[in-house]
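Biologist: Hey, could you walk me through this structure? I'm new to it.

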Amino acid sequence: MRVHLMIVARRTGVPLPSVVLDAARQGVSRAFPVPATTVTSDEWHSATGETALLSWSNEPEGHGLPIMCSGGGRVAALTGHLAEPSEVDRLLAVPRLGEAVTRTGGVFSIFRADGTEVSAATGLTRACPVFHAETPDVHVIGSRALLVHLVARAAETSSSRPSIVWDLAALESMVRAGYFLSDETPFHGVGALPPAAEIRVEGGRRTITETPLPEAREAPASRRAARAQIDELADALLTAVRPLRHTAEPVRLSLTGGRDSRLLAALLHKADIPFVTATSGHDDSPDVVLAERVARALGVRHSVARPKRSDDGTELVVAHPHVRGHNVLFACEGMISVYENIPAGIRFDPTPRMSGHGGEILRGGFLHNQAVLDAKAVRRRIDGLFSRNADLLTDQGRRHAQALASPWRELDGPGALDRLYLAHRVGRWHAASRASLLRGQNPVPPFLDNLVVRTALGIDPLWRRSEALIHGVINAFAPSLRDVPVEGRPWRFTEESHPSLWDRLRSRGLSSRSGPSGSSAGFLKASAASGGKPWNWRTEPSAELTGLLRAAVIDDRGELRADGLAHVVDATQVARLPDSRMDVLWHLYTVSTMLTDAFAAPGPPDLPSLRIPIPR
């Protein structure tokens, strides 16, 4: 992981206060959750002392670009990766970063400075985020929200170790959804730069400009047109992984039985890039069964990581919620729920890794699981995203949620769900999750590559939703996967089309042979014993787990543990929360733990694991 911070004085010719620089150097230990002994750093200061760029990294020497690059009187630092590292010279030279970044292959953000101005820019997904704050004396821009906040607070308080001030209103989104459906952060005064945006400070004045996202063409009207768009996306994906052809170690692909990781397996196979696959799950889960079949069809080595069980196999062994919570809060800065599994900080491993996260971009974003597409249904879906679990909120919390929904409700057509997914599900949920990976791994996500996303957004979102696009790319890359079924429901274009009599007879005949082998339209459902869904210990109430989560949120008198939580949630409603709503209980636990204990100790607490009974 690389952490970058730019600080600029608001008054020309006035050097930065020493307390601000001291706060940055001290605060990085709280905001950069890796072993301190693995961290290297670099600094650049303008001749007048009014501008500074500070960078830290735990990546081994020689991995990727230098921590800072320079040329033409400018210095730049990147998070993430460029598809072609030499492109950094062009990014140093262009007059404005905004659109140049969105047309540069890779998944990255960039911070750039010279003697007269500083600027930073996000890609089309902002999977590598940029955070910003301003005070009467300084502008602060960086890749870690907590560090930006601490430095801005230092400028306000003249203390090198300032306390945290929370943005309590913004936390309603975390309570409801488990991530931010906005550009807000948990920290007062700190915002996230939008996707495809540039923030620039010159002469003490800050401006933010956004690059318009690509406009989608109409759906292809012929097989030839469809083939051309399939080839266009295929070419963009191949370009995104081209630098991996000479990787020292095989790419490690997390493979499931679904569509997106399968596409990555087919992509690596087509590009002739060495890779191995792994799946996490129980032996009888559809993901494990189908991932093994995909790996076998492609002739690659596959392994299965089975969840830890008790000696007699009747219980699942999981980390204590407080340990889990510490890892999530430190790695993701309180911007994703402890419901998610975030590993502890480890020494950086440069081996390239991939998973299918973010693949919905190629399937229409939030349209991928939207059944009805008329204007009312799309409006209901948007309203649902911003009102989910709103019964727990105070009136002030509900008003805040409604204000966030307003601009999205004004958009016309199903494309709103496509853009909403890009802006918030990828730009906030995935960005927070990705931060936890970057601190110890080298994730390379082709689905988030600027040129891949640009290509996808230029294709009709409803046609992407049909899944004919990615189905066509998979078949072009790896025809041997044609008859390996997918997990869950069938391919949408087969499910929603009207097949001929011959197609129906052929499908029945193939699906009756050897169980799940079937045709390209086949699919494998979850176990019927689990009600059609795999068992998930996080959403199944158990006395010990539920008790621990509740105790961290509300006390025996029915009062909220964190004073600030009362700003957005109603204690009476929280006390009545049924065990069936475990997901929101995890979210409440996240916010309550953050407000009461977050970022206090660098190491996780030493607590025993929990044992969750496995249903038979």
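**Helix pairs and a pocket**

Modeller: Sure, let's start with a crossing: helix 10 and helix 11 cross in a right-handed way. Keep in mind that this is a predicted model.

Biologist: At roughly what angle do the axes of helix 10 and helix 11 cross?

Modeller: Roughly 155°, and the axes come within 9 Å. Helix 10 covers residues 375-387, and helix 11 covers residues 395-409. Angles over 145 degrees count as roughly antiparallel, so helix 10 is roughly antiparallel to helix 11.

Biologist: Which residues meet there, in helix 10 and helix 11?

Modeller: On the helix 10 side you have Arg379, Ile382, Asp383 and Phe386. They meet Ala401, Leu404, Ala405, Trp408 and Arg409 in helix 11. Sorted by class, that contact of helix 10 with helix 11 has six nonpolar, no polar and three charged residues.

Biologist: OK, on to another pair. How far apart are the axes of helix 1 and helix 4?

Modeller: They're 9 Å apart, and the two helices pack at an angle of about 150°. That makes helix 1 (residues 18-31) roughly antiparallel to helix 4 (residues 145-157). The crossing of helix 1 and helix 4 is right-handed.

Biologist: And which residues make the contact of helix 1 and helix 4?

Modeller: Helix 1 brings Val19, Val20, Ala23, Ala24, Gly27, Val28, Arg30 and Ala31. From helix 4 come Leu146, Leu147, Leu150, Val151, Ala154 and Ala155. Twelve residues of the contact of helix 1 with helix 4 are nonpolar, one is polar and one is charged.

Biologist: What about helix 6 and helix 13, at what angle do they pack?

Modeller: About 170°, with the axes 8 Å apart. That makes helix 6 roughly antiparallel to helix 13. Glu232, Leu233, Ala236, Leu237 and Ala240 of helix 6 touch Leu451, Val452 and Thr455 of helix 13. In that contact of helix 6 with helix 13, six residues are nonpolar, one is polar and one is charged.

Biologist: Let's change topic to pockets. How much space lies in the second largest pocket?

Modeller: About 900 Å³. The second largest pocket is lined by 48 residues, and the closest to its centre are His63, Gly80, His81, Asn442 and Pro443.

Biologist: Which elements give two or more residues to the lining of that second largest pocket?

Modeller: Strand 1 (2-9), strand 5 (74-82), helix 6 (223-241), helix 9 (321-332), helix 12 (415-438) and strand 18 (442-443). Helix 12 gives the largest share of the lining, seven residues.

Biologist: And how many residues of the lining of the second largest pocket are nonpolar, polar and charged?

Modeller: The lining of the second largest pocket has 28 nonpolar, 13 polar and seven charged residues.

Notes:
Residues numbered from 1 in each chain as written. Predicted model: local features only at pLDDT ≥ 70, side-chain atom pairs only at ≥ 80, totals over all residues. Heavy atoms only, no water. Axes fitted to C-alpha atoms, helices over the stretch in contact; angles between N-to-C directions. Helix = DSSP H or I, 4+ residues; strand = E, 2+ residues; numbered from the N terminus. Parallel < 35°, antiparallel > 145°, perpendicular 65-115°, else oblique. Left-handed = near helix turned anticlockwise from the far one by under 90°. Contact = heavy atoms within 4.5 Å. Nonpolar A, V, L, I, M, F, W, Y, C, P; charged D, E, K, R; others polar. 1 Å grid on protein atoms, 1.4 Å probe; cavity = no way out; pocket = protein on both sides within 12 Å on 5 of 7 lines; lining within 4 Å. Points joined across faces, edges and corners; volume = space filled by probe spheres on them.
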